[in-house]
Structure formats: structure tokens, C-alpha cells
Amino acid sequence: KQAMLILRAIQAGYGNIRALKGVSLHVNDGEIVTLIGPNGAGKSTTLKTISGIIKPIKGQIIFEKEEIGGQSAEEIVQRGISQVPEGRRVFRTMTVKANLEMGAFIRQDRERVKREIDEYCMRFPVLGQRSNQLAGTLSGGEQQLLAMVRGLMSRPRLLILDEPSMGLAPKLVKEIFEIITGLREEGTTILLIEQNARAALKAADRGYVLETGKVVLQGKSEYLLNHTEVQRAYLGKGYREVWENG
């Protein structure tokens, strides 16, 4: 498989703070790749740098064989990268349908956009039933679903998801992850940041562990799920066993 996205030794940050200290990673066409790590490790900064919200200080970002580091966020969306930010950011005072239309703002094929909105509303009936409701009146899980489908409306080659399961009940987390793996089966390439490391690794093909702005570990999901350090730090095993044996 070809690499769709390549980050080479990216340094980036805010003001004088270097949040990323040489991050290198790649996402192949048709893969789900996840970034895991503690808060403040640089996961969100990595996504914002890919999306053009933050400009890299050093290093290269290559998307479909072209350098995109330093391009504006809008140019990057036009190229086919769509980011669904954390915290279920929907346009709360607009209807569900208007939110989906906003997701397609870069597209010219209006008739096709209409058809796709209808298709998504059939596929996720909760969006269809609430299409004329204000997005702010939806439950947390419904808002997250809406944010994801809105991200898909620009027909991205690469969908970037920032903490899609944050604050959701376990049942909804399971549903959101089923949707994510379903999207990959339909050919969408996904880069995923997720606090729920176990769910993320189970859904992903590969993962990278970030700590203090550097990649400290990478590999196939299975390898990371079975890695003692990852289990101890992110999968909630280990701690309990230590106390039980002590």
C-alpha cells in the first residue's frame, strides 16, 4: 500500500513552546492509524499541524506525494483532508441538515450533495428523524455522529478524528467505533486520536505512542495491545495486578 500521508521530523508549537519535537509517522491508503499517549503529549498539535491550523516550524508534511506543510487550513480541506475536532463541535444554532450542508461548503455539485445528505440520513436514521432540529438539542452521541458525518460531506481522502468517543457512554463509544471501522471498509483512510486507547487500537491497523512531543513506540495494533508498557500506561492493566500481588 502507498503512503497517503507522511510526516517527517515535524517540529511545531505555540509561541516559544515546542509541542512537537520531531514527529515522524505515515498513514497508508485505506488504513486506520491511531495516535495514543497522555494529555499534553502533542497528539492534538499533530492533527492541527496536518490540518493547517498550526504551521510547522521544521520538517515536512507530504500528502499524496505533495508537500502541504504551511498551506492554509482551507487549502488543505480542498486537497481532501477533513478534520472532526474534539468536543463534538457542531453548529448548535443551525439544523442538523444545515450542519451537513456546511460540511460540503467546498463542493460545487449541489445536486449530489443533496443526494448524499439523504443517503446519510437513511443510513443513520437518527439524523434523518432530526434533520430539522437544531444541532444543539441533540444528545452527546448524536452530536458526535453529526460531527463525523459533516466531516465526510467534503468527501475527504483522509478523515482525521480527534477524540470521537470523548464523554460518551460506553454503548455509544461502541457504536461510534463501529461506524469508524465501517468507513474504512468503504475506502476512507482515517487518522484517529483517542483517549480510549483499547478501543482505538482494536479498530486501528497500526498505532503510534506519543509522549512529550515525540513518537516513543509504534507498530501494528496487536503488538501495541500486547506491549507491557502500553498496557501499564494506557490500557488500565498492570496497576491492579501490582497491588494484588503486593
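**Helix H4 and its surroundings in a predicted model**

Q: Which residues of H4 are buried?

A: Buried means under 20% relative accessible area, exposed over 50% and partly exposed in between, with a 1.4 Å probe and protein chains only. Helices (H or I, at least four residues) and strands (E, at least two) are DSSP runs, numbered from the N terminus. In H4 the buried residues are Val113, Glu116, Ile117, Tyr120 and Cys121.

Q: Why do the buried residues of H4 lie on the same side?

A: The arc is that of the directions from the helix axis to the C-beta atoms. The buried residues are on the same side of H4 because the arc they cover around the axis is only 140°.

Q: What is the basis of these values?

A: This is a predicted model, in which local features need pLDDT of at least 70 and side-chain atom pairs count only at pLDDT 80 or more, while totals for chains, interfaces and linings use all residues. Residues are numbered from 1 along each chain as its sequence is written, and side-chain values use heavy atoms, with hydrogens and water left out.

Q: Which helices do the buried residues of H4 pack against?

A: Contact means heavy atoms within 4.5 Å. On the other side of H4, Glu111 and Met122 are exposed. The buried residues of H4 pack against helix H3 (96-103), helix H5 (125-129) and helix H6 (140-152).

Q: Which residues form the one aromatic pair of the structure?

A: Rings of Phe, Tyr and Trp (its six-membered ring) pair if their centres lie within 6.5 Å; planes under 30 degrees apart count as stacked, over 60 as edge-to-face and the rest as tilted. The structure holds one aromatic pair. With 6.5 Å centre to centre and 5° between the planes, this stacked pair is formed by Tyr120 and Phe124.

Q: Which are the edge strands of the open sheet of six strands?

A: Two strands pair if DSSP finds at least two bridges between them. The open sheet has the order S6-S7-S8-S3-S9-S10, with mixed pairing. Each edge strand pairs on one side only, and these are strand S6 (81-84) and strand S10 (214-220).

Q: In which sense do S3 and S9 pair, parallel or antiparallel?

A: Strands of a sheet pair through backbone hydrogen bonds, either parallel or antiparallel. Val33 stands opposite Arg206 in S9. Over four bridges, strand S3 (residues 32-36) and strand S9 (residues 206-211) pair in a sense that is parallel.
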